[in-house]
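Q: Please take a close look at a single part of this structure, a serine of your choosing. Say where it sits, how accessible it is and what it touches, then go on from there to other places that deserve a look.

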Amino acid sequence: MERVVITGMGVVAPNGTGIPAFTEAVKQGISGIRFDPQLEALDFSCRIAGTPEVTEALKLQYFDPLELKGFNSGAVLYGVMAGMEAWQDARLPGGKEAQQPDWDSGVIFGTGSSGVDKMREAIHRVDELQVRRLGSTVVAQTMASGISAWLGGKLALGNQVTTNSSACTTGAESLLMAYDRIRAGKARRILAGSTTDGGPYVWGGFDAMKVCTFKNNDRPAAGSRPMSATASGFVPGAGAGALVVESLESALERNATIYAEIAGGHVNSGGQRNEGSMTAPNSEAVQRCIREAVREAGIHPDEIDAINGHLTATSKDATEVVNWSLALNRSGTKFPYVNALKCLVGHCLSASGSIELVAAVLQLQQGFLFPNINSEDLHPEIAAIVPREKIPQQLVYKDLQVIAKASFGFGDVNACVILKKYKP
């Protein structure tokens with residue numbers, strides 16, 4: 001079976017658009033959470049959010065002016081920007097100059113929703129008897145597979161072009177789908193990632209469920225508090241992350257930069273049984289997912305240097321840490337380092353896994369642990385398992401060899417990826 005590596009990355013995150021800005025923000029512990037006047041005007045309980053800052057000039061680097069006419073799909077915007085940055089970062093050909101499809105390259109790019117704001121526009125026009133004024137791009141902006149179709153066309157990809165959707169597990173799942181396809185010899189490289197719309201029409205349902213925080217509207221940067229005793233719910237976010245997944249053989253042939261190797265991974269579901277439900281995890285399934293990922297990667301649990309957790313700043317953070325401890329049979333000083341990117345960007349829903357994977361790969365490649373801001377008051381159940389020094393509050397430079405990244409989503413679905421520092 002082919003060894004599989006990561007050769008390019010792109011990101012549109014609340015605290016940085018583009019890999020250089022994102023890397024700096026993550027290292028410095030800079031939050032992308034800001035007060036959102038629209039959420040206040042609409043009487044949301046949570047009035048802070050993580051929305052990427054994208055200028056019109058930046059959009060024009062990825063879209064033609066004609067494409068932007070009547071354009072109103074955050075998921076497509078963020079996903080195209082992150083995906084094309086990753087492709088360019090990998091120094092791969094593609095774009096307008098390509099005359100033929102690249103039969104060896106494809107895209108698996110997930111989303112939970114697409115073009116919600118555009119759909120709202122379209123619904124109003126239809127209700128106002130203006131269906132002929134909808135324009136010709138409503139479908140491309142709002143169909144679930146819109147993001148993969150846009151990227152496939154812009155990059156002339158001729159292998160599998162598809163969109164997956166598994167709630168907050170979407171990004172990690174897309175990477176593992178790409179990994180499996182390349183390992184099976186069905187593609188040489190796949191652009192993997194995930195994206196999500198933002199805004200009140202995406203986040204309203206979560207606010208109604210009372211899973212978003214309402215206690216820190218006056219101090220946005222302190223609002224997202226994974227692993228904290230004073231965590232009171234997640235902060236909604238938006239954005240996209242993208243990774244070029246490639247066979248080692250292909251990467252070496254073209255002398256590509258190799259950021260990390262995908263050692264293995266696993267996806268499963270708890271079947272919404274036992275403690276599991278539409279919104280809560282089955283702990284047995286979570287532990288099984290982690291153990292199977294470790295087994296498939298061919299490593300010992302003690303080899304994991306750091307965990308990039310799902311850790312949403314809800315009551316389930318402590319449960320997640322317990323599950324890691326039981327799955328790896330590690331606690332106390334033997335527990336790996338832990339990072340929770342949501343402290344800096346909020347919960348970017350279906351984009352969360354891929355944005356967090358980009359952060360994990362940067363950590364592995366550059367040898368650092370980013371600060372877990374807002375965790376100064378560790379949850380007592382977490383503190384009983386993980387020493388304070390294993391959840392750093394300041395930037396720590398450390399040689400890392402193996403990072404485990406997990407995502408858990410609505411529907412009781414789980415994914416765990418094991419990333420290794422590349423060694424010839």
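**A serine and its setting**

A: In this predicted model, S31 is found in the loop between helix α1, residues 19–28, and strand β3, residues 34–35. The relative accessibility of S31 is 18%. The limit for buried is under 20%, so S31 counts as buried. A polar atom of the S31 side chain lies 3.0 Å from the backbone nitrogen of I33. Leaving aside residues up to four places away in sequence, S31 touches N15, A221, C343, L344 and I373.

S31 falls in a stretch that a record describes: an unreviewed UniProt entry carries the annotation "domain: Ketosynthase family 3 (KS3)" for residues 1–421. Over residues 1–421, helix makes up 34% of the chain and strand 19%. The C-alpha atoms at the two ends of residues 1–421 are 19 Å apart.

Another serine can be described in the same terms. S166 is located in the loop between β6 (161–162) and α9 (170–183). Its relative accessibility is 16%, so S166 counts as buried. When residues up to four places away in sequence are not counted, S166 touches E173 and V413. The side chains of S166 and E173 make a polar contact at 2.9 Å. From S166 to A384 the C-alpha distance is 32 Å, with the two positions 218 residues apart in sequence numbering.

Strand β6 also comes up in the packing of helix α8. This helix spans residues 146–155 and is mostly covered, with eight of its ten residues buried. The buried residues in α8 are G146, I147, S148, W150, L151, G152, K154 and L155. These buried residues pack against α4 (65–68), α5 (74–89), β5 (105–111), α7 (138–142), β6 and β7 (189–196). After α8 comes A156, whose phi is positive, near 55 degrees.

Positive phi values are also found in other loops. M227, which is not a glycine, has a phi of about 70 degrees. M227 is found in the loop between α10 (200–208) and β8 (239–247). With a relative accessibility of 1%, M227 counts as buried because the limit is under 20%. N329, again a residue other than glycine, has a positive phi near 55 degrees. N329 is placed in the loop between α13 and β11 (337–339). The relative accessible area of N329 is 70%, so N329 is exposed.

Helix α13 leads on to the interior space of the model. The structure holds one cavity of 30 Å³ or more. The largest cavity contains about 30 Å³ of space. I307, G309, L311, E320, V321, W324, F335 and V338 line the largest cavity. Helix α13, residues 317–328, gives the most to this lining, with three residues. By class, the lining residues of the largest cavity are six nonpolar, one polar and one charged.

To return to the starting point, S31 and S166 are each placed in a loop, S31 between α1 and β3 and S166 between β6 and α9. For S31 the partner at 3.0 Å is the backbone nitrogen of I33, whereas for S166 the partner at 2.9 Å belongs to the side chain of E173.

Note on methods. Residues are numbered from 1 along each chain as its sequence is written. This is a predicted model: local features need pLDDT of at least 70, side-chain atom pairs count only at pLDDT 80 or more; totals for chains, interfaces and linings use all residues. Side-chain values use heavy atoms; hydrogens and water are left out. On a 1 Å grid over the protein atoms alone, a cavity is a set of points where a 1.4 Å probe fits but cannot get out, and a pocket is an open set with protein on both sides within 12 Å along at least five of seven lines; lining residues have an atom within 4 Å of a point. Grid points are joined across faces, edges and corners, and a volume is the space filled by probe spheres set on the points. Helices (H or I, at least four residues) and strands (E, at least two) are DSSP runs, numbered from the N terminus. Ala, Val, Leu, Ile, Met, Phe, Trp, Tyr, Cys and Pro count as nonpolar, Asp, Glu, Lys and Arg as charged, and the others, Gly among them, as polar. Buried means under 20% relative accessible area, exposed over 50%, partly exposed in between (1.4 Å probe, protein chains only). A polar contact is a pair of N or O atoms within 3.5 Å; within protein, one must be able to donate a hydrogen and the other to accept it, and residues adjacent in sequence count only if both atoms are side-chain atoms. Contact means heavy atoms within 4.5 Å. UniProt positions are given in the numbering used here, feature names are shortened, and annotations may be inferred rather than shown by experiment.
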